[in-house]
Amino acid sequence: MCGIVGLHLREPSLHPRLGELLTAMLGQVVERGPDSAGVAVYGDPRLSPPGRSTVSLLGTTPDEVRAALPDAVAIAADATTVVHAAAPPEALLAAIAAALPHATVIGSGEDVAVLKGTGHPDTLADAFGLAGVQGWQGVGHTRMATESAVTPAGAHPFSVGPDQCLVHNGSFANHATIRRELRAQGVRFDSENDSEVGARFVAHQLAAGADLDKALRLLCERFDGFYTLLVATGDSFAVVRDAIACKPALVAETPQWVAMASEYRALDVLPGIENARIFEPEPEEVYVWKR
């Protein structure tokens, strides 16, 4: 029983309120996941400035990053260190791998910053400074661990492709089989979390040329279990549920924003909710909204 929230802002005047709104949404699903929490935010000028690449790390500190990469900016956010530099994403990732081989990458791209930690979600939101974040899209998750240990690396979102992230409520029954298949194709894993298998599968499909709709339809064909997934990319926001759809999900949509949450009360904090079109996603139907 985990909690999912997500907000895709269509109205630029709301961009300064992204963190405020995401914090309020996350606070409504803390009982669903008291173990750990995480967020992915798109377009914050401090965490992922325009024209710079951003990498989110576990297992290191800002001081260590600055000593190893003097041209980079490093920002502390609880267990996460966010690094950005004036270099292509691939070059920044390569520099980090060479200089800080013990660090774990939990997100990278040109637009996204991923922040993860263990503990109460409200405490983590404060530690992240989430209420002050700006941007055009955000995804949040509160975790109740069932398949793997409670660690920052096991927290959601899982961001394993450029500007991509995935959050999951449920469990994948055949994750071990699919993990072995992906490893045989050269895919590397950072945790034993079943949700990371879903994220790696989607990233693998996108890298092979599939669009997000196709990648999620392929996931529905291949994965067994119960799941509600929210997946975000640099230009998309998508929701899909399994064939039984036993894990809760609600979507609300207005001309100003699209939002998804595990419970209605997380949507009720949004401006204009009284005028929103609200619906429950159908089983195995992929819903995608584009920027």
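**Figure 1. Sequence-distant contacts and overall dimensions of the chain.** Among contacts in the chain between residues at least 6 apart in sequence, 72% join residues at least 24 apart. The structure shown is a predicted model. Its secondary structure consists of seven helices and 15 strands. The radius of gyration is 17 Å, close to the 19 Å that the globule rule gives for 291 residues, so the chain is as compact as a globular protein of that length. Along the principal axes, the C-alpha trace spans about 50 × 45 × 35 Å. Buried residues account for 56% of the 291 residues.

**Figure 2. Surface and charge of the chain.** The accessible surface amounts to about 11,100 Å². Carbon and sulfur atoms contribute 51% of this accessible surface. The chain carries 22 positive and 35 negative charges. The mean positions of these two sets of charges are 3 Å apart.

**Figure 3. Strand E12 and its two antiparallel partners.** Strand E12 comprises residues 250-253 and is joined by four bridges to strand E13, residues 257-261. The two strands run antiparallel, and a hairpin of three residues connects E12 to E13. Within this pairing, Ala252 has Ala259 of E13 as its bridge partner, while Glu253 is bridged to Val258 of E13. Strand E12 is also joined to strand E14, residues 277-279, by three bridges, again in an antiparallel arrangement. In that second pairing, Glu253 stands opposite Arg277 of E14. Glu253 thus appears in both pairings of E12, with Val258 in E13 and with Arg277 in E14.

**Figure 4. Strand E13 and its enclosure.** Besides its pairing with E12, strand E13 is joined by five bridges to strand E1, residues 3-9. Strands E1 and E13 run antiparallel. One pair of facing residues is His8, in E1, and Val258, in E13. Val258 is also the bridge partner of Glu253. Five of the five residues of E13 are buried, so the strand is largely enclosed by the rest of the structure. Both of its faces are covered. Trp257, Ala259 and Ala261 lie on one side, Val258 and Met260 lie on the other, and all of them are buried.

**Figure 5. The loop between strands E8 and E9: the cis peptide bond and Asp163.** The loop shown lies between strand E8 (137-143) and strand E9 (165-172) and contains Pro157. A cis peptide bond joins His156 and Pro157, with omega at about 0°. Asp163 belongs to the loop between E8 and E9 as well. Although Asp163 is not a glycine, its phi is positive, at about 55°. Most residues other than glycine have a negative phi, and most peptide bonds are trans. With a relative accessibility of 12%, Asp163 counts as buried, because the limit for that class is under 20%.

**Figure 6. Val160 in the loop between E8 and E9.** Val160 is placed in the loop between E8 and E9. Its relative accessible area is 25%, and Val160 is therefore partly exposed. Not counting residues up to four places away in sequence, Val160 touches Ala199, Arg200 and Ala203. Val160 and Leu130 are 30 residues apart along the chain, and their C-alpha atoms are separated by 22 Å.

**Figure 7. Thr233 and its surroundings.** Thr233 is located in the loop between strand E10 (225-232) and strand E11. Thr233 has a relative accessible area of 10% and is buried. Leaving aside neighbours within four places in sequence, Thr233 is in contact with Tyr42, Trp136, Gln137, Asp163, Gln164 and Leu212. Among these contacts is Asp163, the residue with a positive phi in the loop between E8 and E9.

**Figure 8. Ala245 in the loop between E11 and E12.** Ala245 lies in the loop that connects strand E11 (236-241) with E12. Ala245 is not a glycine, yet its phi is positive, at about 55°. The relative accessible area of Ala245 is 15%, and this residue is buried.

Conventions: Residues are numbered from 1 along each chain as its sequence is written. This is a predicted model: local features need pLDDT of at least 70, side-chain atom pairs count only at pLDDT 80 or more; totals for chains, interfaces and linings use all residues. Side-chain values use heavy atoms; hydrogens and water are left out. Two strands pair if DSSP finds at least two bridges between them. The radius of gyration is taken over C-alpha atoms; the globule rule is 2.2 Å times the number of residues to the power 0.38. Buried means under 20% relative accessible area, exposed over 50%, partly exposed in between (1.4 Å probe, protein chains only). Contact means heavy atoms within 4.5 Å. Accessible areas come from the Shrake-Rupley method with a 1.4 Å probe; for residues, only the protein chains shown count as cover. Lys and Arg count as positive and Asp and Glu as negative; His and the chain ends are not counted. The place of a charge is taken as NZ of Lys, CZ of Arg, CG of Asp or CD of Glu.
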